[in-house]
Each structure stands twice: as C-alpha cells, then as structure tokens.
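Visitor: Could you take me on a close look at one part of this structure? I would like to see what lines the largest pocket.

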Amino acid sequence: MSMAVIGMVAGMALGFAGYFGGFGAFLLVAALGAIGFVAGRFLEGDLDPGDFFRSRGDDRRR
C-alpha cells in the first residue's frame with residue numbers, strides 16, 4: 001500500500017472522529033495514530049529506543 005493511500009485513510013479516520021466525536025475524539029485518534037506510527041517504526045527497525053533518549057550534544061551518531 002502506498003504512503004498516499006495510508007495518508008488518505010488516516011485523514012479520513014481523523015475527519016470522521018472530528019465530525020462524529022468532536023474535538024476530543026479527534027485528538028484521541030491523532031494521538032493513538034502517532035503512537036501506532038512510532039510503534040510500527042520500532043517494529044520495522046527504522047527507529048532505535050536511544051533515538052528518543054540521547055541528549056542534543058551527544059555526537060555518537062556521527
């Protein structure tokens with residue numbers, strides 16, 4: 001599935017949540033979608049847990 005289709009489905013889900021559930025439901029769906037996105041990136045191996053916990057001055061990545 002292409003990224004455009006995934007983006008369209010996510011946008012439609014947020015639109016339905018906002019229309020039928022109000023702003024609170026919109027925020028809940030957006031937050032859960034972001035958590036799911038990050039979890040998926042972890043499972044695919046694109047992100048490491050250390051990426052979130054390193055300080056800005058840490059130059060070990062270079």
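Guide: Happily; here is the pocket, with a little background beforehand.
This is a predicted model, where local features need pLDDT of at least 70, side-chain atom pairs count only at pLDDT 80 or more, and totals for chains, interfaces and linings use all residues. Residues are numbered from 1 along each chain as its sequence is written, and side-chain values use heavy atoms, leaving out hydrogens and water.
The protein chain has 2 helices and 0 strands (DSSP runs, numbered from the N terminus: H or I of at least four residues for helices, E of at least two for strands).
Now to the largest pocket, whose volume is about 230 Å³. A pocket is an open set of points on a 1 Å grid over the protein atoms alone, where a 1.4 Å probe fits, with protein on both sides within 12 Å along at least five of seven lines; lining residues have an atom within 4 Å of a point. Points are joined across faces, edges and corners, and the volume is the space filled by probe spheres set on them.
Met3, Ile6, Gly7, Ala10, Ala13, Leu14, Val29, Ala30, Gly33, Ala34 and Phe37 line this pocket. Their tally is 9 nonpolar, 2 polar and no charged (Ala, Val, Leu, Ile, Met, Phe, Trp, Tyr, Cys and Pro count as nonpolar, Asp, Glu, Lys and Arg as charged, and the others, Gly among them, as polar).
As for Met12, its place is in helix α1, residues 3–44.
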